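Biologist: Could you take me through one part of this model up close? I'd like to see the place where the two chains meet, starting from a helix on one side of it.

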Amino acid sequence: MSNLNKMKSILIEKTLKLDCGKEISNFPLAYETYGNLNEKKDNAILIFHALTGDQYASGINPITKKEGWWNYAVGPGKSFDTDKFFVICANVIGGCMGSYGPGTIDPFTKKPIGTNFPVITINDMVNAQYNLLDYFKIEKLFAVAGGSMGGMQVLQFVSNFPNKARVAIPIACTASHSAQNIAFNELGRQAIMSDSNWKEGLYDEKSTNPDKGLAVARMAAHITYLSKQGLQEKFGRNLQERSDLKFGFDADFQIESYLRYQGSVFVDRFDANSYLYITRAMDYFDLTKQFNGNLSKAFKDTKTKFFVISFTSDWLYPTSENKDIVIALNAIGADVGFVEIKTDKGHDSFLLDVPDFLSTIKNYLNTTYSNINERGI
Amino acid sequence: MKEEFKIISKFIEEKSRVLDVGCGDGILMEYLSKNKVVDIRGLEISKEKVKKCLSKGLAVIEGDAENDLKQFPDLSFDYVILSQTLQAFMSPEKVIENLLRVGKKVIVTIPNFGHWKVRLDLLFKGEMPVTKNLPYQWYNTPNLHMCTIQDFYNFCNNKGINIYKTISLNGEKISNISNSNLKYKNLISELGIFLLEK
């Protein structure tokens, strides 16, 4: 576990009042950084991860030994160019990669906190991460960015701290989690909670975990991240290492085998209780309701420059929901750009090699950064 | 930058708020934000062009004027620009109404179907005109509602829209259009540039 010791983390001493009413203090927030903070401290970008992400956005994740979740976008010469920008990414509270979450060991019981962990929200996650600005003594971030739940955090961040980021890039997200998305999350949670190893969330990580439930949750969710066309083109009705149907319930089809594999590798790196807590936080996210039904009010005082991005084949966070954010911003004359990127890769597009998407962000950030420096815009 | 954009930018006062509807590659937007220090937004239907604009850091949203103008509040811009796209809308009348709702002043440019070459094509060849500014065949043209400078004049008068200024562009030649020379300018102008107010 030497890698765990190398994990960077800040201890947040001051009290954070959570939306549920409880208060937390002296809790860890694990983070990673890429690139260098310049002398003026004006080149920092805070990236927010999605449901199953972590702080290891770029390069090789030292824990899983796999590529960071946003390796296509973050790195030298990439969209978030770490030769130029200082990229910070933290594991959200409720997560399972070193930040305070249900897997954190309770110092008194010496067991994981489990479902005694308070229910957290996107707002709580963002407020916890704000401490990173103090830690790095950054007066104002150049940008905040993220896709899916990361995009929700972008919206909440700008709403909470209207003048702490010059640029905000919410990608493939929503200002208000839809009934369909709550439904899919509930399906995942029920899969976990139906696993007899879940034990009301008080399982001990060292022995038996609700792996089967978590794997099913992941399989179901994974389908929602892809498009029908993408699935059809990649798998069709292809059979898995066999020439005929076997008239049984093994994985006859490649798509079945693929989903089973996705489920099995997921349980090695993710905690079932974290999955419950984070999906709950997404379900509770309704920025429109936070402002009494008027989303524009969430951004009333902001000077932040927004760039909203959606994908044609994303049916989980469809263009219409992303456009609602644009409409709310235009209603108050905010500085907003918007494009829907054409791709058949579904909601997952923001994590994948989608050249149009990656190059547009890169150019947008680089031009905006030099405009700010040269023209003081 | 093309002559048309130079004329448009002369209409626009410094430090104003501008919306460029159908902003294309954002050439006019870039020019205005660099030289006139304006706060400028763009609306563009082509994904490729929107990506180009965003790559330049311009605040452009993908959308079309017939559906997406409604999200902008009343009189939220000092100027709204519509360059050579009025003829491509399903309902130009409604688009103009919306432009005048959103902008305090509206700049509209129209390719003039009253130009003598167009008239001659129809008169002598008996064919729908195909010109430098209107390079399409009748069966593939995006231009659903062609009009002449005279037509647009009449339209504004009937609707009670104030025409502040009209400029004729014929090649590189720029001239003013007034009531007295309208018939003539309608014959020789390739482009009409109108500054309107409700």
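**A helix at the chain contact**

Modeller: Let's start with the helix α3(B): its buried residues pack against β11 (305–311), β12 (335–341) and α11 (355–375) of chain A, together with β2 (39–44) and β3 (60–62) of chain B. Bear in mind that this is a predicted model. The helix itself covers residues 47–55 of chain B, and the buried ones are Val50(B), Lys51(B), Cys53(B), Leu54(B) and Ser55(B). Just after α3(B) comes Gly57(B), with a positive phi of about 80°.

Now look at Lys47(B): this residue makes a salt bridge with Glu340(A), and the closest N and O atoms are 2.6 Å apart. Between chain A and chain B the count is 3 salt bridges. There are also 12 residue pairs in polar contact across the interface of the two chains.

On the chain A side, β11, α10 (319–330), β12 and α11 each supply at least two residues of the side that touches chain B. Of these, α11(A) gives the most, with 8 residues. Sorted by class, that side of chain A has 10 nonpolar, 9 polar and 7 charged residues.

As for the whole contact, 26 residues come from chain A and 20 residues from chain B. The area buried between them is about 1,800 Å², and carbon and sulfur atoms give 50% of that. Asn330(A), Phe338(A) and Arg375(A) supply 25% of the area that chain A buries against chain B, more than any other three residues.

Technical notes. Residues numbered from 1 in each chain as written. Chains lettered and ligands numbered in written order. Predicted model: local features only at pLDDT ≥ 70, side-chain atom pairs only at ≥ 80, totals over all residues. Heavy atoms only, no water. Buried < 20%, exposed > 50% of the residue type's maximum accessible area, 1.4 Å probe, protein only. Helix = DSSP H or I, 4+ residues; strand = E, 2+ residues; numbered from the N terminus. Contact = heavy atoms within 4.5 Å. Buried area = accessible area lost by both parts, 1.4 Å probe. Salt bridge = Lys/Arg side-chain N within 4 Å of Asp/Glu carboxyl O. Polar contact = N/O pair within 3.5 Å; in protein donor to acceptor, adjacent residues only side chain to side chain. Nonpolar A, V, L, I, M, F, W, Y, C, P; charged D, E, K, R; others polar.
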